[in-house]
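User: Let's work through this model with short questions. Here it is.

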Amino acid sequence: MVAESKQFPRIRHAAFEDYSQIAALGSRYGLHSKKFDSWKDLWLTNPVYRQLPDWPMGWVLENEDRQISGFIGNIPQSYSLGDRTVLAAVSHALVVDLPYRSHSLSLISRFYAQKNVDLFLSTTANAQASKAYAVFGARRVPLGTWNSSSFWVLDHCRFAATALAMKNVVFAKPLGYLVGAGLYLKDAFREPLSNRGTAGMEIAECSCFDQRFEIFWEELRLGRSSVLLAARSREALQWHFKAALADNQAWILTVSDGYRLRAYSVFFRQDSVRFGLKRVRLADFQCPDENHGDELLKQMISYAVTLCRRERVHMLETIGLPVEKQRVIDSLRPHRRELPCWLYFYKTNDKYLSKALARPEVWDASYFDGDSSL
């Protein structure tokens, strides 16, 4: 364990009692803060954390007035690759107050200095953090487009008004009606995504992760043993989406053959509260059957569009999908937007993992990884 400095500003282990200061710090820099109980659950109900009694929940930078001026969370997650269980440390909600930015690398170094960790993941990097991670040897995940997104507009006027407001355009709301009307006409010539139908495959909404998901995970893990997969056991899924499901902010869609689960997807709300943008993102899609996977993904996207319109959501978005899944998304003719930076970085000190993870085909990177959809 790295010794903690007694001088100020100093870095020490984070504690649950630090929540109010960490939340206030994040809020000043536009980070959405979870409610206290949901924030605690990132660790306390985490099935991996419960097996690691000495795991640090993160580190804080404490200034001369003993106020928290920086934070990096540290969430343990389990991955599998072949017969091996891979312990991943996931960075979470990195933020440092402007006067103390010169101490950012010292804070991040505590994360990368951890022993007995197989893999370090950062999936929500901003432009500054991505440069800092690179200093410590973190690499871009070699699969997926993690610097752009695909999306469909479902409320053209409100979406346009929000987009203009994000660019600080004066009179964004009235202009949004004009821009939105033009966007609507442009989309009118695209294939009507919500009218695709289900081609004889019944998609069902599921309120929880039942026992079928446990069986499905074992089939998926064994069938894709050459791929690095985040654990998707029933327990892991329940922990991951607990807060979103409790607040009716996530949808579980399934396709079954009798009791056997054939495929599932999870869509979740990730709004921009500051600008009032109502947004749903695809968190995860899994289908072991390669013969039907493409069509099922199309149908689930179509179904999600219907749900978004029912809930008056402004846009549906996907980020970082592997090449095969992205090709399916592209066939549905979405819009594209560039993101400020590459989001997904990894690092390992394990020689075997380093060699394996350099190959794109070993990854099934998705928005389920890390803390992207937590």
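User: At about what angle does helix H7 run to S11?
Analyst: This is a predicted model: local features need pLDDT of at least 70, side-chain atom pairs 80 or more, and totals for chains, interfaces and linings use all residues. Residues are numbered from 1 along each chain as its sequence is written; side-chain values use heavy atoms, without hydrogens or water. Helix H7 (residues 211-223) lies across S8, S10, S11 and S12; helices are DSSP runs of H or I with at least four residues, strands of E with at least two, numbered from the N terminus. Angles run from 0 to 180 degrees between N-to-C directions of axes fitted to C-alpha atoms, for helices over the stretch in contact, and H7 runs to S11 at about 105°.

User: Which strand does helix H10 make about 140° with?
Analyst: Helix H10 (residues 293-310) packs on the sheet. It touches (heavy atoms within 4.5 Å) S7, S8, S10, S11, S12 and S13. The strand at about 140° is S10.

User: Which strands stand at the edges of the sheet?
Analyst: Seven strands form an open, mixed sheet in the order S8-S10-S11-S12-S13-S7-S14. Strands pair if DSSP finds at least two bridges between them. Each edge strand has a single partner, so one side lacks a neighbour in the sheet; they are S8 and S14.

User: Which residue stands opposite Ser148?
Analyst: Four bridges join S7 (residues 148-153) to S14. The two strands run antiparallel. Opposite Ser148, in S14, stands Glu338.

User: Which residues of H4 make the contact with H3?
Analyst: H3 (residues 104-112) and H4 (residues 127-135) pack at about 55°, axes 10 Å apart. H3 contributes Leu105, Ile108 and Tyr112. H4 contributes Ala132, Tyr133 and Val135.
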